[in-house]
Amino acid sequence: MMRKLIFVLLGIAFGIVMYKAEAASWFRIFEMFNFQSFHMYGFIGSALAVGVIGVQYFKRSQSKDVDGEDIVIQPKAKSIPRYLIGGVFFGLGWALVGACPGPIFALLGSGVFSIIIVIIGALAGTYFYGLIRKYLPH
Amino acid sequence: MEMIFGTWPWYVGGPLVAIIMLILIKLGKSFGFSSNFRTMCAAIGAGKSCDFFDFNWKSQRWNLLFLLGTIIGGFIAANLLANNQIAPISEESISALQAYGFESAGKAYLPTELFFDLSPKNIIILLVGGLFIGFGTRYAGGCTSGHAISGLSDLQWPSLVAVVGFFIGGLLMVHILFPLIF
C-alpha cells in the first residue's frame, strides 16, 4: 500500500515539473525544433547531467534497490533500424502534438481535454504496431 | 511567489526529473512512460487479438499509478501552482507562429487555436499526432523518458540512435510539414 502511494506521489511530482517547466507546452517544443531558445535543451541536458552521475554511481557502488536486489538496468537490444525509424515516427508526432507521453497526461490533468484525442490515437498506434511488428525491420 | 507561479527554469525542471528517475531505479523500476500505452491496450483486452499484448500487464500496475499521479500533478500545477501560466517563448518563435495564424503565441500555455477549437482539421491533427506517438514509441521501444533520459543516463548507444531519430522526425515536421499543414 505504502509502495503504491509512493508511485502516485512520484507521478504527481513528475506531472507538476513537466507542466511548470513547460515541457508540456506545444510552444516550447516548436521553439526547440526551431533552435530559438535554450530552455528545452537546458532541461534535457541538466536532467542528463544529474542522471548520468546518479546511474553511474549506482552501478559503480553496486547499490541495491529497496528490496535488496542488485540494480540492473536492462540493456537495449543492439540494432539501428527500430530506434531510428521508430524514433522518426515518434518525433513527427511529438512535434505535431507538442507533447511526449508524460506531458500528454499532465495536460489532461490541467484541463486540456482535447488531449484525449491524442491518447486515443496513441493507443491505436500502439495496437497497430503490435499487429504489424512481425513485418517491420528491427 | 512569482518563483513558484511563473515558469520553472530548466535548471530546476531537468534535475528534478532526473531525481524522480533515480528514485524509481532505487525502487527497482525503470522510468519509461510510453510503455503505459501497451499496458493500457493489454488491460482493455488487446491480448485476445494480438500476442504482443498478451503479457502479465498487472506487473506494470506501478507505472499506471505513476501515470495517475502525473494527471493529478498536471491538475495541481495548472490550478494551484499557476495562475494562467503563459509560456514566454522567444520573439522569433512568436512571429513565426503568428505567420501560421497562431495569435495565442506568447499569450498562452498552448496554442488555443489548436487545442480549444475542435474543428475537423484539428481533430485529425491530434489523432494523427497520437497515432505517430503510439506507433513510434513502441517501435523505438521508448520515448523521451525511456531513451533521452534513462537510456542516455545509462550511456546506451541505442538510445542515442533513438534520440537522433526523434530529432529527425521533429525537424521534418516543424520545417517541412508545418508549412503544408498550417
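The conversation below concerns a predicted model with chains A and B.

Biologist: Before we start, how are residues numbered and chains lettered?

Modeller: Residues count from 1 along each chain as its sequence is written, and chains are lettered from A, with ligands numbered from 1, in the order in which they are written. As this is a predicted model, local features need pLDDT of at least 70 and side-chain atom pairs count only at pLDDT 80 or more, while totals for chains, interfaces and linings use all residues.

Biologist: How many helices and strands does chain A have?

Modeller: Chain A has six helices and zero strands, where helices (H or I, at least four residues) and strands (E, at least two) are DSSP runs numbered from the N terminus. The C-alpha trace of chain A spans about 40 × 40 × 35 Å along its principal axes.

Biologist: And chain B?

Modeller: Chain B contains nine helices and zero strands. Its C-alpha trace spans about 50 × 40 × 35 Å along the principal axes.

Biologist: What percentage of each chain is buried?

Modeller: In chain A, 54% of the 138 residues are buried; in chain B, 51% of the 182 residues are. A residue is buried if 20 or more other C-beta atoms lie within 10 Å of its own, exposed if 12 or fewer, and partly exposed in between, with C-beta atoms placed from the backbone.

Biologist: How many residues of each chain are in contact with the other?

Modeller: 98 residues of chain A are in contact with 105 residues of chain B. Two residues are in contact if their C-beta atoms, placed from the backbone, lie within 7 Å.

Biologist: Which helix gives the largest share on the chain A side?

Modeller: That is α4(A), with 16 residues. Helices α1 (2-20), α2 (26-33), α3 (39-60), α4 (81-97), α5 (101-110) and α6 (115-132) of chain A each supply at least two residues to this side.

Biologist: What classes of residue are on that side?

Modeller: The side of chain A that touches chain B has 60 nonpolar, 26 polar and twelve charged residues. Here Ala, Val, Leu, Ile, Met, Phe, Trp, Tyr, Cys and Pro count as nonpolar, Asp, Glu, Lys and Arg as charged, and the others, Gly among them, as polar.

Biologist: Changing topic, which domains are assigned in chain B?

Modeller: The assignment gives domain 1 (1-85) and domain 2 (118-182); such bounds come from an automatic or database domain assignment. The C-alpha centres of these two domains of chain B lie 17 Å apart. Their contact takes ten residues from domain 1 and nine residues from domain 2.

Biologist: Which element gives the most on the domain 1 side?

Modeller: α2(B) gives the most there, with three residues. That side of domain 1 of chain B has six nonpolar, three polar and one charged residues.

Biologist: What is the span of α7 in chain B?

Modeller: Helix α7 (residues 120-140) of chain B has 21 residues and reaches 30 Å from its first C-alpha to its last, close to the 30 Å expected at 1.5 Å a residue. The expected span is 1.5 Å times one less than the number of residues. Gly141(B) follows α7(B) and has a positive phi, near 70 degrees.

Biologist: One more glycine: is Gly151(B) buried or exposed?

Modeller: Gly151(B) is buried, because 28 other C-beta atoms lie within 10 Å. Gly151(B) is found in helix α8 (residues 144-153) of chain B.

Biologist: Which residues does Gly151(B) touch?

Modeller: Not counting residues up to four places away in sequence, Gly151(B) touches Lys76(A), Gly142(B), Gly146(B), Gln156(B), Pro158(B) and Ser159(B).
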